[in-house]
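Hi,

Here's the structure I said I'd pass along. Have a look at it first, and my notes on what turned up are underneath.

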Amino acid sequence: MKQNKIIITCCSVLFACCYGSGLRALESDPDQPITIDSNTATYDDATATSIYTGNVISIQGSIRVNSDKLVVYFVEGDAEKLVFTGNKAKFKQTPNPGAEDITGEALTGEYYPKKNLLKLIDDATVWQGTATYTSDLIEYDSKRSIVKAGEKSSDAKRVHVLLQPKQKTANKTEYKTGNKKNDDTSSKTPDKNLQ
């Protein structure tokens, strides 16, 4: 029975790859199948997990994640949790048609498709336009395009906001958390290689 669900899921993924590429709007992202491309793939029926390694590319609608490794945890045949790791795992999403992409990176990412929630953990950064969020924990609500940085329970890792005066070319806003020695993100820029 579980193997039939996996075969149906694989067929859905192939169908989406061939015919669903035009459905890229944010509103349809949660309803889209998750497609995964990697160098290797294994499925363990006993633990209900799939492991993908080597240049892993995961796509759901306009959400794209590039990572070194991906582990998918299934509950009753549905993907419940996806854990991305890499040096660094990178994501991007188009929040609305014509809007500027939201991009980010972290050493670990956890995606909960049913909750539309992406957690970036350890050395995480998210960019949109001139705004930058940096923290050890960033939560991104992919349905509502809401970014939350920092932890309520930690006074040691407070969020620091720097609002630059409006320049002729651009207005820059940066959000940082963490220790002062780790706060320098001025040289970080979004990875333009995500496509």
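How many bridges join strand β7 to β8, and do they run parallel or antiparallel? There are 10 of them, and the two strands run antiparallel, with β7 covering residues 117-128. Before you go further, bear in mind that this is a predicted model.

I'd start with β8, since a good part of my notes hang on that strand. It spans residues 131-141, and nine of its 11 residues are buried, so it counts as mostly covered. On the β7 side, V126 has Y133 of β8 as its bridge partner. The β7 and β8 hairpin leaves two residues between the strands, and G129 there takes a positive phi near 60°.

β8 also pairs with β9 (residues 146-149), again in the antiparallel sense, this time over four bridges. In that pairing D141 stands opposite I146 of β9. These two strands make a hairpin as well, with four residues between them, and S145 in the turn has a positive phi of about 55°.

Next, β3. Q60 belongs to this strand, which runs over residues 49-60. Is Q60 buried or exposed? Its relative accessible area is 5%, and because anything under 20% counts as buried, Q60 is buried. Its side chain makes a polar contact of 2.6 Å with the side chain of Y111. Y111 also turns up among the residues in contact with Q60 once neighbours within four places in sequence are left aside; the others are D29, P30, Q32, P33 and I34.

A couple of backbone angles in this part of the chain may catch your eye. N55, also in β3, has a positive phi near 50° despite being a residue other than glycine. Its relative accessible area is 53%, so N55 is exposed, the cut-off for that being over 50%. A48 sits in the loop between β2 (40-44) and β3, and its phi is positive too, near 55°, again in a residue other than glycine. With a relative accessibility of 15%, A48 counts as buried.

One last thing to check in your viewer: which peptide bond is cis, with omega near -5°? That would be the bond from N87 to K88. K88 is placed in strand β5, residues 78-93.

Cheers

Key:
Residues numbered from 1 in each chain as written. Predicted model: local features only at pLDDT ≥ 70, side-chain atom pairs only at ≥ 80, totals over all residues. Heavy atoms only, no water. Buried < 20%, exposed > 50% of the residue type's maximum accessible area, 1.4 Å probe, protein only. Polar contact = N/O pair within 3.5 Å; in protein donor to acceptor, adjacent residues only side chain to side chain. Contact = heavy atoms within 4.5 Å. Pairing = 2+ DSSP bridges.
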